[in-house]
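Colleague: I would like to go through this two-chain model with you. Shall we take confidence, then folds, then the interface and a few single residues?

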Amino acid sequence: MSNDRSSVIYRFMMLVVLSVALMIIDHRSGLLRTVKIVTPVINIPFESVVGLPGKVQSSLERYYPDNKLYDRFIELKKKQVVLEIKLQQYDALIKENRRLFTLLSASKKAGDEVLLTEIIDVGLEPFSHKVVVNRGIESGVYLGQPAIAPLGVLGQVSEVGFRRSVITLITDPSHGLPVQVERNGLRTIVKGSGTSDKIGLPFLDRQADIQQGDVLITSGMGGRFPVGYKVAEVTEIVKDANEAFLNITANTSAQINFSKEVLLVWNDDRPGFPSRSAMRGRTQ
Amino acid sequence: MRSSGSRAPRRSGVIIFTIVIALLLNLTPYPDWMENARPDWVTLVLFYWCLALPNRVGVGWGWVVGIILDVLYYSILGQHAIGKAFVALIAVIAHRRMRMYHLWQQCVVVFLVSCADIACTLWIYRITNNTGIELVYWTSALTTALLWPVIYTILRFVRQRIGVS
């Protein structure tokens, strides 16, 4: 019995060592990257089974529409009209912008190339602020690509696999994002707070011109995110006399828990990354 | 994991099938208020089979299941493997003692083992990803422990019905 037990413990220790080695290789080097591109093949059947109830529900809703759905339809229709009107203005702005940039002979381009992806309905662990989307390396998705939900910035691609990529949300504590205040152009960095829908601004000192209700947009600093996407709205500013920095919390604009569609954006400002059309020979 | 020669029907298929079901349940999305209390079905099923068949299902199974879980959760390879191997280790070492326990006493053991599993996973996640270890994450150990009697009853029924040995 004791012999048996010690052999089990011995085997356990060996497995621990093996796991640690695996984790170090995975985390510190890119050796397992190719493996990780292939592993989502296993995920796809699991995720389709897990997502089945949701699919059934949504198709039932399609066949048995209730009043709520009709109200939503009307609401969306109204919204679409507003958006279309705004879009005209936006189109005009893009044209003007392009003209101005050609005048300046700059390579910068307004209006980014995008890919519409869908969030996979799968329950990851609560402490990992990540979502999975249904496009991967074969659609040209790259590591660090910005992901944007209809109402604001969602996060960035942190892992690319076969037909799947993982997006680390801006609420993840390891995620930092350069932003500016829309009102006055004050630049800073937001950091994920670890709680859903909330981010923090830890780097503003007490003299900073910021107030409740200020809208934060991406500043384009660092070159990873394109300029001008909405990020969050400042909800709380705590001024502590003992602290040199303000304690600011902001609510993310993207309704992260309710988003279904995500836009992946090809940011041409990013140095060293060919645009999607150059890479894949197609434009969108 | 150990091959015990020429036993008649071994039926590993049943074990694998229940583990696959548990993996699916682990991946199922829950409503927001339950997010932190999602029970770990894989731990429960693994724990059961290690108790029932300690000579066949052991740390190796736990480790492999953990690696599969890592792939399914898109986490770094090995993050869940240590925790699940530990679950299997405790079950295999203590299987004789566990059989003497009442179901509610077993629940307590499942709770503690589940806590250790979560601690392990969270600790690794914290090292690699920089996150806070908050108390709410341990509520899932509680729900896992509360589900133990259910899983125990179901799996015992399955095992006796199909005769996995």
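Colleague: What pLDDT does chain A average?
Modeller: This is a predicted model, so confidence comes before geometry. In chain A, 89% of the residues score at least 70. The chain A average is a pLDDT of 82.

Colleague: Where in chain A does pLDDT stay under 50?
Modeller: The stretch in question has nine contacts beyond four places in sequence in the model. Its pLDDT stays under 50 throughout. It covers residues 277-284 of chain A.

Colleague: How many Å apart are the C-alpha centres of domain 1 and domain 2 of chain A?
Modeller: The domain assignment gives domain 1 as 1-31 and domain 2 as 115-284. Take the C-alpha centre of each. The separation is 37 Å.

Colleague: How many helices and strands does chain A have?
Modeller: Chain A holds both kinds of element. Buried residues are 29% of its 284 residues. Of its contacts with a separation of 6 or more, 58% are between residues 24 or more positions apart. The count for chain A is six helices and 12 strands.

Colleague: Which pattern does chain B follow along the sequence?
Modeller: Chain B has zero strands. Its helices number seven. Read along the sequence, the pattern is α-α-α-α-α-α-α.

Colleague: What radius of gyration does chain B have, set against a compact globule?
Modeller: The C-alpha atoms of chain B fill a box of roughly 50 × 30 × 30 Å along the principal axes. For 165 residues, a compact globule would have a radius of gyration near 15 Å. The value for chain B agrees with that: 16 Å.

Colleague: What percentage of the residues in chain B is buried?
Modeller: Look at the contacts too. Among those between residues at least 6 apart in sequence, 68% join residues at least 24 apart. As for burial, chain B has 165 residues, and the buried share is 47%.

Colleague: Which elements are included in what covers the buried residues of α1(B)?
Modeller: Helix α1(B), residues 12-27, reaches 23 Å, close to the 22 Å expected. Its buried residues are Ile15(B), Thr18(B), Ile19(B), Ala22(B), Asn26(B) and Leu27(B). The cover includes elements of both chains: α3 (40-50) of chain A, and α2 (41-52), α3 (59-73) and α7 (139-162) of chain B.

Colleague: How far does α6(B) reach from its first C-alpha to its last?
Modeller: α6(B) spans residues 103-129. Its buried residues include Val110(B), Ile118(B), Leu122(B) and Tyr125(B), and also Asp117(B). With 27 residues, 39 Å is expected at 1.5 Å a residue. The reach is close to that, at 37 Å.

Colleague: Which residue follows α6(B), and has a positive phi?
Modeller: Asn129(B), in α6(B), is buried. The residue that follows the helix has phi near 60°. That residue is Asn130(B).

Colleague: Which helix gives the most to the side of chain B that touches chain A?
Modeller: 38 residues of chain B are in contact with 35 residues of chain A. On the chain B side, α1, α3, α4 (79-93) and α6 each supply at least two residues. One helix gives the most, with seven residues: α4(B).

Colleague: How do the residues of that side of chain B divide into nonpolar, polar and charged?
Modeller: The side in question is the one that touches chain A. Its residues fall into three classes. The division is 23 nonpolar, 12 polar and three charged.

Colleague: Is Tyr74(B) buried or exposed?
Modeller: Tyr74(B) sits in the loop between α3 and α4 of chain B. Its phi is positive, near 55°, though the residue is not glycine. The cut-off for burial is 20 or more other C-beta atoms within 10 Å. Tyr74(B) has 22 such neighbours, so it counts as buried.

Colleague: Why does Asp197(A) count as partly exposed?
Modeller: Asp197(A) lies in the loop between β7 (187-192) and β8 (198-201) of chain A. Its phi is also positive, near 70°. Asp197(A) is partly exposed because the number of other C-beta atoms within 10 Å is 18.

Colleague: Which residues is Thr235(A) in contact with, leaving aside neighbours within four places in sequence?
Modeller: Thr235(A) is found in strand β10 of chain A, residues 230-238. It has 14 C-beta neighbours inside 10 Å, so it counts as partly exposed. Its contacts are Gln212(A), Thr249(A), Ala250(A) and Asn251(A).

Methods
Residues are numbered from 1 along each chain as its sequence is written. Chains are lettered from A and ligands numbered from 1 in the order in which they are written. This is a predicted model: local features need pLDDT of at least 70, side-chain atom pairs count only at pLDDT 80 or more; totals for chains, interfaces and linings use all residues. Helices (H or I, at least four residues) and strands (E, at least two) are DSSP runs, numbered from the N terminus. The expected span of a helix is 1.5 Å times one less than its number of residues. A residue is buried if 20 or more other C-beta atoms lie within 10 Å of its own, exposed if 12 or fewer, and partly exposed in between; C-beta atoms are placed from the backbone. Two residues are in contact if their C-beta atoms, placed from the backbone, lie within 7 Å. The radius of gyration is taken over C-alpha atoms; the globule rule is 2.2 Å times the number of residues to the power 0.38. pLDDT is the predictor's confidence in each residue, from 0 to 100. Domain bounds come from an automatic or database domain assignment. Ala, Val, Leu, Ile, Met, Phe, Trp, Tyr, Cys and Pro count as nonpolar, Asp, Glu, Lys and Arg as charged, and the others, Gly among them, as polar.
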